[in-house]
Amino acid sequence: MTIGVLALQGDVREHTAALEAVGARTLAVRRASELDAVDGLVIPGGESTAMWKLAVAFDMFDPIRKRLADGMPAYGSCAGMIMLADHVLDAAEGQLTFGGISITVRRNAFGRQVDSFEGPISFTGIDGELHGVFIRAPWVESVDEGADGVEVLARVSGGPATGRIVAVRQGNLLATSFHPELTGDHRVHGVFADLVRAAR
Ligand code: GLN
């Protein structure tokens, strides 16, 4: 089993290390031929507008959309969550996403004053708490009407954003507003590796 990390932009190294810590073989994916060699794909945190433009420039945009539509498992953190969302609020002009998860996300949702914060997160399927690191993060504004099988895995549990959805799964697609790859806790990557294994 090989898990790719989309390596156009963002915190590729941190995701690669987290995946290797849970026993996955990894491949940095920069071109469509590399995409063919992976069983699942991580879309890192970074900047969703840059990732969109680079994916188009490197002829990766349509191939990734197609693999996702064909059921390839993917996990997106932060900008990666935006890339997997079907709809985006506060998007840049013309901004496109790969899509796949029937949600509407809001970019930079936590506001400028508190654009970065950390706090405990309880996550369905993981015992105890995770340390949530949010950096100019999106939140899930809503699950799209009529969406089938979108599972809310985590919500903010304190402060002004209490109740906001910050982790979801729909089928083989997983997304978090926060960055588990920046903590030493690799359990979310473990959940994703299990999902990729099960989908093979
Ligand atoms: N604000 C960024 C965006 O819109 C996401 C930030 C991140 O990935 N840490 O893409």
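The following exercises, each with a worked solution, concern a predicted model of a single protein chain.

**Exercise 1. Overall architecture**

Task: Describe the secondary structure content, extent and packing of the chain.

Solution.
Step 1. The chain contains 6 helices and 12 strands.
Step 2. Its radius of gyration is 15 Å, close to the 16 Å that the globule rule gives for 200 residues, so the chain is as compact as a globular protein of that length.
Step 3. Along the principal axes, the C-alpha trace spans about 45 × 40 × 30 Å.
Step 4. Of the 200 residues in the chain, 50% are buried.
Step 5. Contacts between residues at least 6 apart in sequence are considered next: 64% of them join residues at least 24 apart.

**Exercise 2. Surface and charge**

Task: How much area does the chain expose, and what share of it do carbon and sulfur atoms supply? How far apart are the mean positions of the positive and negative charges?

Solution.
Step 1. The exposed area is about 8,900 Å², and carbon and sulfur atoms supply 47% of this area.
Step 2. The chain has 18 positive and 25 negative charges, and their mean positions lie 3 Å apart.

**Exercise 3. The annotated active site**

Task: Which residues does the UniProt annotation "active site" cover, and where do Cys78 and His179 lie?

Solution.
Step 1. According to the unreviewed UniProt entry, the annotation covers Cys78, His179 and Glu181. These residues are spread over 104 residues of sequence, yet they cluster in space, with a largest C-alpha distance of 10.8 Å.
Step 2. Cys78 occupies the loop between β4 (74-77) and α5 (79-84), whereas His179 belongs to the loop between β12 (173-176) and α6 (187-199).
Step 3. Residues under 20% relative accessible area are classed as buried. Cys78 therefore counts as buried, at 3% relative accessibility. His179, at 4%, likewise counts as buried.
Step 4. With residues up to four places away in sequence not counted, Cys78 touches His179, and its other partners include Gly45, Ile135 and Arg136. On the same basis, the residues touched by His179 include Asp11, Gly45, Cys78 and Ile135.

**Exercise 4. The annotated binding site**

Task: Which residues does UniProt list for "binding site", and how are Arg107 and Ile135 placed?

Solution.
Step 1. The unreviewed entry lists Gly46, Glu47, Ser48, Arg107, Ile135 and Arg136. Although spread over 91 residues of sequence, they cluster in space, the largest C-alpha distance being 12.9 Å.
Step 2. Arg107 is in the loop between β6 (101-106) and β7 (116-122). At 11% relative accessibility, Arg107 counts as buried.
Step 3. Leaving aside neighbours within four places in sequence, Arg107 is in contact with residues including Glu47, Ser48, Asp90 and Pro138.
Step 4. Ile135 is part of strand β8 (residues 129-135). With a relative accessible area of 30%, Ile135 is partly exposed.
Step 5. Leaving aside neighbours within four places in sequence, Ile135 is in contact with Cys78, Asp115, Ser116, His179 and Leu182. Cys78 and His179 are among the residues that the "active site" annotation covers.

**Exercise 5. A separated pair**

Task: Where does Asp185 lie, and how far is Asp185 from Phe61 in sequence and in space?

Solution.
Step 1. Asp185 is in the loop between β12 and α6, and His179 is also assigned to the loop between β12 and α6.
Step 2. Asp185 and Phe61 are separated by 124 residues in sequence and by 31 Å in space, C-alpha to C-alpha.
Step 3. Beyond its neighbours within four places in sequence, Asp185 is in contact with Glu129, Leu130 and Pro180.

Note on methods
Residues numbered from 1 in each chain as written. Predicted model: local features only at pLDDT ≥ 70, side-chain atom pairs only at ≥ 80, totals over all residues. Heavy atoms only, no water. UniProt positions renumbered as here; feature names shortened; annotations may be inferred. Helix = DSSP H or I, 4+ residues; strand = E, 2+ residues; numbered from the N terminus. Buried < 20%, exposed > 50% of the residue type's maximum accessible area, 1.4 Å probe, protein only. Contact = heavy atoms within 4.5 Å. Rg over C-alpha atoms; globule rule 2.2 N^0.38 Å. Areas by Shrake-Rupley, 256 points an atom, 1.4 Å probe, with all protein chains shown as cover. Lys, Arg positive; Asp, Glu negative; His and termini not counted. Charge placed at Lys NZ, Arg CZ, Asp CG, Glu CD.
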